[in-house]
Amino acid sequence: MYEKIFARSFSRYEQKKLGYGAFVCSLILALTFCTVFKPYFGPLPPLNLRLSMGVGLRMLTIEDPSMSLSLGMASVEPHTSTTSNPSEKPGEPNVEMNTSAPSNKSEKTVQVTVEAQSPSQPNPPQKTGHIEGEVDPLNALKKSGMDRGSMPAANNPTRTIKIGMKLVTKPICSTAEPRSDFCEMNGDIRVHGKSSTIFLASSQVENNTTWRIKPYARKGDETALKHVNSFTIKPSLMVVNKIPQCTENHRVPAIIFSLGGYTGNHFHDFTDVIIPLFSTSREFKGEVKFLITNKKAFWIAKFREILDKLSNYEILDIDGEENIHCFPRIIIGLKRIGNEELSLNPSKTPNGYSMKDFRDFIRSAYSLKRESAIKIKEGGNSKKPRLLIISRRNSRAFMNKGKIYTMAKRLGYNVLIAEADNKSNLSSFAQTVNSCDVMMGVHGAGLTNMVFLPENAVLIQVVPLQLEWLSKYDFGEPSVDMNVRYLEYRIKEEESSLIQQYPDEIRDPISVKRKGWFAFRDLYLDRQNVMLNVIRFRPTLVKKQSSFCMSRSCHFFLFFFFFLIFP
């Protein structure tokens, strides 16, 4: 009946028009619904249950109704454990709680021992807290069934927690991360630079356990660490002749880190030092003092803007210091969480810092003006994208820069060729990179300058032979967190200089890899240059130039153009 009434009331054309109108209204309603409720779609974010040190200690506070005193702070100490329990399963943590009631009722002590056992050796006696990478912390965590960060130092899986009226401060060291070891202490801390010793003054010392740590975030790399000084951490009694007396007192915390290792290489400067230093020190908002070992004056001059932004105080070269410098808090080593290069994982990083936070910090430190790359083809914007070609001199260099420059100019780019090295003024170079919309170069440390690119800029990495995985790991994957669009161009054999010099090795790369890393690096990293096939490479630049219009505004206009096609 309703169909007949509908047919009599409207012509076929009007029925068709009403149908289209209903369809368009449905789409608009669906779009509005998705836009309004988009934040509530998807799985719930993971619950972050990690606690700060202070919160964890407050959770350990015990209130006894029979006493009017609240119990004090907790401390962590590694110690030797030789007991065994046949009922325990190998590889699972043994938790033992002993409560003692001293004769003095004003004080109560609770001792908790967490012991991780190895499946092959159920209860091996522990050595002193020597943390130089003798064991694999990741495997230790897997064997114990505990999450990263919830376990004591991997080389010291036994710890004692004491709660009582008397404050006894002990170091808390972490060896659970694959790239860095670090120790953190609060209390009366005294640093003697000449002997590379850090004394932790305490009214009570249970044993003579010491820690030794190399404060450089390239753990397990013996080549890098052999150029890094080692520091010894010693809990000591607060009595005369047992601990050196302070000659210089500081009211702010300190961070000790090394400028040894691979510093001087632009890539390692950022991934081993600058980014971990940011995540370690940013929480102090400048109220922290840097103590540097293995000092390199040129490195400090190069990164002066960043160092001054992170600390309000003069840097102290701690090596050779005869004076005893005293601090209320100290961190030895930089907190590099995770195994990624040029990255910060906010779900794991202290205080939840991300690469966006780091890039915002970098823009502030160097007063970089551009936050976003240009958007062409919008509102008649005729501005050309600016292309920066990173030049190299010794290896992995472009052998035909002139042809690349000419081709890019013909495609409508404003082209700039620049070389990044330690002689360049980093502040000036950062401004240059930030002024560009596209940066391209052969795999190498110069591509690290993508940290200065504006948001939504483009990085084109030219990948030499046999460097596909390394290129993606070093720059391709980090670009995602930096909000930089990434494209790689993999060269052919005829585009590599090695085809003329080492034809046999090129055709049999397995034989080179069997000789080890140094042989591989010598051939593919140190001896290879690139003769770019500009005809083959041209579509890459064309694609990236056209991609600039695919911004949110372009998507917005395309969406409404879709609706306009309906009558």
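# Reading the helices and strands

Biologist: I'm looking at helix α10 (residues 401–410), which lies across β15 (386–391), β16 and β17 (438–442) and runs at about 155° to β16. Which other helix lies across β15, β16 and β17?

Modeller: That would be helix α11 (residues 426–434), and its angle to β16 is also about 155°. Before we go on, keep in mind that this is a predicted model.

Biologist: Noted. How many helices and strands are there in the protein?

Modeller: You can count 18 helices and 19 strands. The chain has 567 residues, and 47% of them are buried. About 29800 Å² is exposed, with carbon and sulfur atoms supplying 54% of that area.

Biologist: And what share of the contacts joins residues at least 24 apart in sequence?

Modeller: If you take the contacts between residues at least 6 apart, 76% of them join residues at least 24 apart.

Biologist: Back to those strands, then. How do strands of a sheet pair?

Modeller: In general, they pair through backbone hydrogen bonds, and the pairing is either parallel or antiparallel. Here, β15, β16 and β17 belong to an open sheet of five strands with parallel pairing, and the order is β16-β15-β17-β18-β19.

Biologist: Which are the edge strands?

Modeller: They are β16 (414–419) and β19 (485–490), each pairing on one side only. As for twist, neighbouring strands in this sheet are turned by 20° against each other on average, ignoring direction.

Biologist: Can you walk me through some of the pairs? Which residue is the bridge partner of isoleucine 389 in β16?

Modeller: Isoleucine 417. The two strands there, β15 and β16, run parallel and are joined by six bridges. Moving on to β19, its parallel partner strand β18 (residues 458–463) is joined to it by six bridges. In that pair, isoleucine 460 stands opposite leucine 487.

Biologist: Is β15 enclosed or open to the outside?

Modeller: Five of the six residues of β15 are buried, so the rest of the structure largely encloses it.

Biologist: What about antiparallel pairing? With which strand does β6 pair over eight bridges?

Modeller: That is strand β14 (residues 324–332), in the antiparallel sense. Look for cysteine 183, whose bridge partner in β14 is isoleucine 332. Strand β6 (residues 182–192) is itself mostly covered, with eight of its 11 residues buried. Strand β5 (residues 172–174) also runs antiparallel to β6, through three bridges, and serine 174 is matched there with phenylalanine 182.

Biologist: And how many bridges link β6 and β7?

Modeller: Five, again antiparallel, with β7 spanning residues 197–202. Aspartate 188 stands opposite alanine 201 in this pair. The two strands form a hairpin with four residues between them, and serine 196 takes a positive phi near 50°.

Biologist: Let's do helix packing. How are two packed helices described?

Modeller: By the angle between their axes and the distance between the axes. Try helix α6 (residues 266–281) and helix α9 (residues 355–365): their axes come within 10 Å and cross at roughly 90°. That is why α6 and α9 count as roughly perpendicular to each other.

Biologist: Which residues of α6 meet α9?

Modeller: Phe270, Ile274, Ile275 and Phe278, and across from them in α9 you'll find Met355, Asp357, Phe358, Phe361 and Ile362. By class, the contact has eight nonpolar residues, one charged and no polar ones.

Biologist: Now single residues. Is alanine 224 buried or exposed?

Modeller: Alanine 224 counts as buried because its relative accessibility is 0%, and the cut-off for buried is under 20%. Alanine 224 sits in helix α5 (residues 222–225). Setting aside residues up to four places away in sequence, alanine 224 touches Tyr216, Arg218, Gly261 and Tyr262. Alanine 224 and tyrosine 262 are 38 residues apart in sequence, with 6.0 Å between their C-alpha atoms.

Biologist: And where is tyrosine 524?

Modeller: In helix α16 (residues 517–525). Tyrosine 524 also counts as buried, at 0% relative accessibility. Beyond its neighbours within four places in sequence, tyrosine 524 contacts several residues, including Leu465, Leu467, Leu498, Ile506 and Pro509. From tyrosine 524 to isoleucine 506 it is 9.4 Å, C-alpha to C-alpha, and 18 residues in sequence.

Notes:
Residues numbered from 1 in each chain as written. Predicted model: local features only at pLDDT ≥ 70, side-chain atom pairs only at ≥ 80, totals over all residues. Heavy atoms only, no water. Buried < 20%, exposed > 50% of the residue type's maximum accessible area, 1.4 Å probe, protein only. Contact = heavy atoms within 4.5 Å. Areas by Shrake-Rupley, 256 points an atom, 1.4 Å probe, with all protein chains shown as cover. Axes fitted to C-alpha atoms, helices over the stretch in contact; angles between N-to-C directions. Parallel < 35°, antiparallel > 145°, perpendicular 65-115°, else oblique. Nonpolar A, V, L, I, M, F, W, Y, C, P; charged D, E, K, R; others polar. Pairing = 2+ DSSP bridges.
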